[in-house]
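Me: Got a minute to go through this one with me? I'd like to start with the sheet and then poke at some helices.

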Amino acid sequence: MRPAIAEQVERLLGGRTRDIRLNGELAQLFGERSWPRTAKIIRAWMVWVSVLDVLTLGLNAILLPTQTVMSMLWPASILPPAALVAAIAFLRPHALWVQGVFLLSAVFLILLSVALVGVNTGGEFYERHLTIMLFVAVTAIIIFPIPLGWAMAIGAAALGIYLVFQLRNPGIEAGSALAGTLFFASGVAATVVARRTATIFAQKTFLLELRDRSRLAELTDANSQLELLARTDPLTGVANRRSMMETLNHFWNEDLKRTSGAAMLMCDVDDFKHLNDNLGHAEGDRCLVKVAGIIQSCMRDERDQVARYGGEEFLVFLPGSDEQEAGVVAERIRSRVEAASLPNPTSRVGPWVTVSIGIAILMQNSELVSAEHMQRQADAALYLAKKTGRNRVMVHSPEADEASD
């Protein structure tokens, strides 16, 4: 959700509920969100009004004289087509003004049809059907989740039809017609107010949903950031030891049987303590950041993982790697670190920063060992690389285990 929309949502929710007014993009979003439900209600209402009109006409045909039924027939025939057209119009979204034209036109014709049935038949049916017409209008206002202007238009149309035909009613005086219209007007007005209140609460619910969705997105993003921080070494930006342990556990539990072997590289910066003592911890930190970046750049693809495992140690995990591939990656790391010419003037290897690397290999058909055992093997190979002169790559062998012992 855009910041401007989020700000508008907070402002509306911070005020009084009765003052909620949706404008612009918020009104459009509310319309899109509520349209399926609104359209379904309108279609159902139109269908039921048509069914009731047909059933009522059929019942009257059984109970009333033929002449009376014939006088009802032509005005009653207006209702079903009008309702059917409106129901079809609300099968898919249209512009708001188009929806308004279809709905208000259909409702007006329906109200007029009900009123004309009574007017055309006369007698006791005259006022009865005018009252039924008002009831139909009230149900439409209550049931339709529509804008306030549309509800007011339906109410005004119903009262207008009632007043016009009551003024022409030979059975009552004009004063009675006006009094009856005012009486029913109060009920219609209360219904419109109730419709407005229901719309406000629907809009408030929509605003609350938007706010909750926005806060959930912010919380999810914050949790993702925290999770990333918890899995990342704050100095070098590569994965930390915890993250590497999770990667190894997942591989051993889920992927080991489907992968053709794996390799571990234990990389250690040679004479790092001398660098810290001679050049200071700030330069030592800069060295670790550079070395981490070099190691990361030597990975084959996104499957390979590198983590800062200790102070100046980095553990590299290469799933699906054999001894030859692991050796190529390790030598690439060693040579690129040396070529970077990072200063370490008191190193016993030379004036530049170098790394020693121990490799442990897990072949697909070899004896299955644990991740911890492979780490010990890589450590043993690293120990031998340190012992035999540093700035070199050594692959684990039984001799490496014996040397470390």
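Me: In what order do the five strands of the open sheet come?
Reply: It's a predicted model, to be clear. The order is E2-E3-E1-E4-E5, and the pairing in this open sheet of five strands is mixed.

Me: Which strands stand at the edges?
Reply: E2 and E5 (393-395) do. Each has a single partner strand, so one side of each has no neighbour in the sheet.

Me: And how far are neighbouring strands turned against each other on average?
Reply: By 20°, with direction ignored.

Me: OK, let's walk across it. How many bridges do E2 and E3 pair over?
Reply: Four, in the antiparallel sense, with E2 covering residues 305-308 and E3 covering 313-319. The two form a hairpin, and four residues sit between them.

Me: Which residues stand opposite each other there?
Reply: Gln305 faces Phe317 in E3, and Val306 is opposite Val316 of that strand.

Me: What about E1 and E3, how many bridges join them?
Reply: Seven, and the two strands run antiparallel. One pair to look at is Met264, which has Phe317 of E3 as its bridge partner. Phe317 turned up a moment ago opposite Gln305 too.

Me: Then E1 to E4, how many bridges?
Reply: Eight, again antiparallel, between residues 262-269 of E1 and 355-362 of E4. Within that pairing, Asp268 is bridged to Ser356 in E4.

Me: Which helix packs on the sheet and touches E1, E2, E3 and E4?
Reply: That's H11, residues 281-297. Its direction makes about 10° with that of E3.

Me: And what does H13 lie across?
Reply: H13 (residues 371-387) lies across E1, E3, E4 and E5, and runs at about 140° to E4.

Me: How many of the residues in E3 are buried?
Reply: Six of the seven, so E3 is largely enclosed by the rest of the structure.

Me: Let me jump to Met244. Where is it placed?
Reply: Met244 is in helix H9, which spans residues 241-255.

Me: Buried or exposed?
Reply: Met244 counts as buried, because its relative accessibility is 2% and the cut-off for buried is under 20%.

Me: What is Met244 in contact with, leaving aside neighbours within four places in sequence?
Reply: Gln305, Val306, Ala307, Leu315 and Phe317. For Gln305, the C-alpha atoms are 7.6 Å apart, although 61 residues separate the two along the chain. Gln305 and Val306 are the residues we had opposite Phe317 and Val316 in the hairpin.

Me: Switching to helix pairs. How do H11 and H12 cross?
Reply: Their axes come within 9 Å and cross at roughly 140°, with H12 covering residues 323-339. The two helices are therefore oblique to each other, and the crossing is right-handed.

Me: Why oblique rather than antiparallel?
Reply: Because roughly antiparallel needs an angle over 145 degrees, and this pair crosses at roughly 140°.

Me: Which residues make that contact?
Reply: H11 brings Val291, Ile294, Ile295 and Ser297, while H12 brings Ile333, Arg336 and Val337. By class, that is five nonpolar, one polar and one charged.

Me: And H2 with H5, at what angle do they cross?
Reply: Roughly 20°, with the axes coming within 12 Å. H2 is residues 24-63 and H5 is residues 96-121. That makes H2 and H5 roughly parallel to each other, and their crossing is left-handed.

Me: Who's in that contact?
Reply: From H2 there are Trp35, Ile42, Trp45, Met46 and Val49, and from H5 there are Gln99, Leu103, Ala106, Val107 and Ile110. The tally for H2 with H5 is nine nonpolar, one polar and no charged residues.

Me: Last one, His129. Which helix is it in?
Reply: His129 is in H6, residues 124-143. At 11% relative accessibility, His129 counts as buried.

Me: What is His129 in contact with, apart from neighbours within four places in sequence?
Reply: Val114, Ala115, Val117 and Gly118.

Notes:
Residues numbered from 1 in each chain as written. Predicted model: local features only at pLDDT ≥ 70, side-chain atom pairs only at ≥ 80, totals over all residues. Heavy atoms only, no water. Pairing = 2+ DSSP bridges. Axes fitted to C-alpha atoms, helices over the stretch in contact; angles between N-to-C directions. Parallel < 35°, antiparallel > 145°, perpendicular 65-115°, else oblique. Left-handed = near helix turned anticlockwise from the far one by under 90°. Contact = heavy atoms within 4.5 Å. Nonpolar A, V, L, I, M, F, W, Y, C, P; charged D, E, K, R; others polar. Buried < 20%, exposed > 50% of the residue type's maximum accessible area, 1.4 Å probe, protein only.
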